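Here is a short set of exercises to work through with the model open beside you. Try each task before reading its solution.

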Amino acid sequence: MTPEYFDVTLRRIIDLGNETRHFELTFDPGTRIHFTAGQFVAVLCPKDGKLIRRAYSIASPPEEKDHVELIIKLVEGGVVTNWFWSLKEGDRFRVHGPFGKFVLPEQIDFDIVFVATGTGIAPFRSMIRHLLPAGFNKWVWLLFGSRYDKMIPYHKEWVALSRDYPNFIYIPTISRPSAQWPGEVGYVQTKIEKFFPDPAGKRVYICGLNDMIQAVQEVCLKQGFRTEQISFEKYD
Ligand SMILES: Cc1cc2nc3c(=O)[nH]c(=O)nc-3n(C[C@H](O)[C@H](O)[C@H](O)COP(=O)(O)OP(=O)(O)OC[C@H]3O[C@@H](n4cnc5c(N)ncnc54)[C@H](O)[C@@H]3O)c2cc1C
């Protein structure tokens, strides 16, 4: 899939809380994107007569070719995220892509453990919404770390998928839970030993910020996972 430039219209913005938003970008009629779940696009942000590029993982499945969905966290002082926060539905800009090698192999003969925090959920949303409807029948775990239980991105979607697909296990874990939160508490790296004591037949995919990725990797290696069983995509 050779990267191409696409003109997009910002069709929808959904606020997900915790300074995080979901953006739907539609292509012009007749234009389609071909990508593999896990890849990203570069958004081209006009600034002072130049175009500034930033990578954003595609959060929608590859079967949906007339648009891409992104999930973006506002970064304090960040050039492109602040520009995103100034956009309105109907605004137009350009993206370039797809890019990236953080993808699943074509033949998957292992159970998959997805580990993410924050917007690191994006490539896994694309992969999960691709794999499960296609009849993937190995285990798929989503271990997702969020600061607040009332602002878990796509929480209802994960709950519905885990009801519809018995091989999909959703484990949200919250670092600053409310008094009502009945589930797991703490950082994702503290949950590896409890939920994945046996590395056999599993591969771990991690996405998000570097500190979390390093912490999860370290725990997985201590737990007996081999480096070949661990893949990651770093956002910073
Ligand atoms: C392959 C890839 C995929 C990515 N996918 C996503 C995605 O799906 N959603 C998403 O929100 N971001 C994603 N990112 C990060 C994104 O590309 C930008 O780096 C981020 O949005 C900040 O851009 P900015 O222009 O607003 O900040 P900048 O102006 O580039 O940075 C301002 C300051 O913030 C720091 N910073 C940069 N990024 C972050 C961050 N993510 N968190 C905290 N501090 C940061 C920088 O070190 C700098 O000091 C991805 C990055 C990569 C490499």
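**Exercise 1. A strand pair at the edge of a sheet**

Which residue in β10 is the bridge partner of Ile174?

Before the solution, two points on the model. Residues are numbered from 1 along each chain as its sequence is written. The model is predicted: local features need pLDDT of at least 70, side-chain atom pairs count only at pLDDT 80 or more, and totals for chains, interfaces and linings use all residues.

Step 1. Find the strands, which here are DSSP runs of E with at least two residues, while helices are runs of H or I with at least four residues, numbered from the N terminus. Strand β9 covers residues 168-174, and β10 covers 184-185.

Step 2. Check the pairing; two strands pair if DSSP finds at least two bridges between them. β9 and β10 are joined by two bridges and run parallel.

Step 3. Read off the partner: Ile174 bridges to Val185 in β10.

Step 4. Place the pair in its sheet. Six strands make an open, parallel sheet in the order β10-β9-β8-β7-β11-β12. Its edges are β10 and β12 (230-234), each of which pairs on one side only.

**Exercise 2. Following Thr20**

Describe the surroundings of Thr20, starting from its strand.

Step 1. Thr20 belongs to strand β2. This strand runs antiparallel to β5, with seven bridges between them, and Thr20 has Lys73 as its bridge partner in β5.

Step 2. Is Thr20 buried or exposed? Neither label fits: Thr20 counts as partly exposed because it has 18 C-beta neighbours inside 10 Å. The cut-offs are 20 or more other C-beta atoms within 10 Å for buried, 12 or fewer for exposed, and partly exposed in between, with C-beta atoms placed from the backbone. In β5, by contrast, five of the seven residues are buried.

Step 3. List the contacts, meaning residue pairs whose C-beta atoms, placed from the backbone, lie within 7 Å. Leaving aside neighbours within four places in sequence, Thr20 touches Ile71, Lys73, Thr119 and Pro153.

Step 4. Compare sequence with space. Thr20 and Met151 are 131 residues apart in sequence, yet their C-alpha atoms are 9.2 Å apart.

**Exercise 3. Backbone oddities**

Find two residues other than glycine with positive phi, then a cis peptide bond.

Step 1. Glu19 has phi near 50 degrees and sits in the loop between β1 (4-17) and β2 (20-27). Glu19 is partly exposed, with 15 other C-beta atoms within 10 Å.

Step 2. Tyr154 has phi of about 65 degrees and lies in the loop between β8 (140-146) and α3 (155-164). Tyr154 also counts as partly exposed, with 19 C-beta neighbours inside 10 Å.

Step 3. The cis bond joins Gly97 and Pro98, with omega about 0 degrees. Pro98 is in strand β6 (residues 92-99).

**Exercise 4. Two domains and what they share**

Work out how domain 1 and domain 2 meet.

Step 1. The domain assignment gives domain 1 (4-99) and domain 2 (111-234); such bounds come from an automatic or database domain assignment. Their C-alpha centres lie 24 Å apart.

Step 2. Across the boundary, 17 residues of domain 1 are in contact with 15 residues of domain 2. On the domain 1 side, β5 gives the largest share, four residues.

Step 3. Sort that side by class: nine nonpolar, six polar and two charged residues. Nonpolar means Ala, Val, Leu, Ile, Met, Phe, Trp, Tyr, Cys and Pro; charged means Asp, Glu, Lys and Arg; the others, Gly among them, are polar.

Step 4. Look at the ligand. The shell around it draws at least three residues from each domain. Of its 22 residues, Ala55, Gly78, Val80, Thr81 and Thr119 come nearest, where near means a C-beta atom, placed from the backbone, within 6 Å. The shell holds twelve nonpolar, six polar and four charged residues.

**Exercise 5. An enclosed helix**

Why is helix α2 described as largely enclosed?

Step 1. Count the burial: nine of the ten residues of α2 (residues 122-131) are buried, so the helix is largely enclosed by the rest of the structure.

Step 2. Name some of them. The buried residues include Phe124, Arg125, Met127, Ile128 and Arg129.

Definitions and conventions. Two residues are in contact if their C-beta atoms, placed from the backbone, lie within 7 Å.
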